[in-house]
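Here's a quick walk through one model, written for someone who likes to poke at coordinates. Have a look at the fold below before reading on.

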Amino acid sequence: MRSWFYLLAAILFEVVGTTSMKFAAEHAPVLGHLLMYSLIGLSYFFLSLAIKRVPVGVAYALWEGIGIVLITVISVTWLGESISPCKMLGLAVMIAGILLIKSGTRAAHEARGQEVLA
């Protein structure tokens, strides 16, 4: 269970770090870049902890997929960027993919548990 918290931390650090790029570009280049690199570094650190128990493909897909969805939501709501119907469809497809990957992992884990019992 701890690995999933590490993955959540990795996602949050990646989202905040990537979002801080805008801050770095517009307001404080030196401080912004230090913040950005630190947060993204922490993201990779927590991702490396997560993959000790979470399959690498699943962890990476969730890290990137959820990160992209959250960054897009933040960029639209707080940074004033626009979202087209095509982007919305892409996000919906990504969310569906994330759910399928997660449910496929759960199904495979349950199937392995039943094999052990048999």
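Which residues form a nonpolar patch on the surface? In this predicted model, the patch is made of Met1, Phe5, Leu8, Leu12 and Leu70, and together they have about 530 Å² of accessible area. Helix α1, residues 2-26, gives the most to the patch, with three residues. Met1 sits in the segment before α1, and it counts as exposed because its relative accessibility is 72%, with the cut-off for exposed being over 50%.

Now zoom out to the whole chain. The protein chain has four helices and zero strands, so to speak a plain α-α-α-α when read along the sequence. Of its 118 residues, 29% are buried. The accessible surface comes to about 7,800 Å², and carbon and sulfur atoms own 73% of that. As for contacts with a separation of 6 or more, 68% of them are between residues 24 or more positions apart.

Back to α1 for a closer look. This helix has 25 residues and spans 37 Å from its first C-alpha to its last, close to the 36 Å expected at 1.5 Å a residue. Quite a few names turn up on its buried list, including Leu7, Ala10, Ile11, Val15, Gly17 and Ala24. Polar side chains are on that list too, among them Ser3, Glu14, Thr19 and Ser20. What covers the buried residues of α1? The cover includes α2 (29-50) and α3 (56-77).

Ala9 is a handy example from helix α1. Its relative accessible area is 18%, and since buried means under 20%, Ala9 makes the cut. The C-alpha atoms of Ala9 and Tyr44 are separated by 9.8 Å, with their positions 35 residues apart along the chain.

Here are the three residues with an accessibility value, side by side.

| Residue | Relative accessibility | Class |
|---|---|---|
| Met1 | 72% | exposed |
| Lys22 | 31% | partly exposed |
| Ala9 | 18% | buried |

How many salt bridges are there? The count comes to one. Lys22 pairs with Glu26, and their closest N and O atoms are 3.6 Å apart. Both partners lie in helix α1, four residues apart, which is about one turn of the helix. Lys22 counts as partly exposed because its relative accessibility is 31%.

How values were computed:
Residues numbered from 1 in each chain as written. Predicted model: local features only at pLDDT ≥ 70, side-chain atom pairs only at ≥ 80, totals over all residues. Heavy atoms only, no water. Patch = residues over 30% accessible without salt bridge, like charges linked within 9 Å, V, L, I, M, F, W, Y side chains within 5 Å. Areas by Shrake-Rupley, 256 points an atom, 1.4 Å probe, with all protein chains shown as cover. Salt bridge = Lys/Arg side-chain N within 4 Å of Asp/Glu carboxyl O. Helix = DSSP H or I, 4+ residues; strand = E, 2+ residues; numbered from the N terminus. Buried < 20%, exposed > 50% of the residue type's maximum accessible area, 1.4 Å probe, protein only. Expected span 1.5 Å × (residues − 1). Contact = heavy atoms within 4.5 Å.
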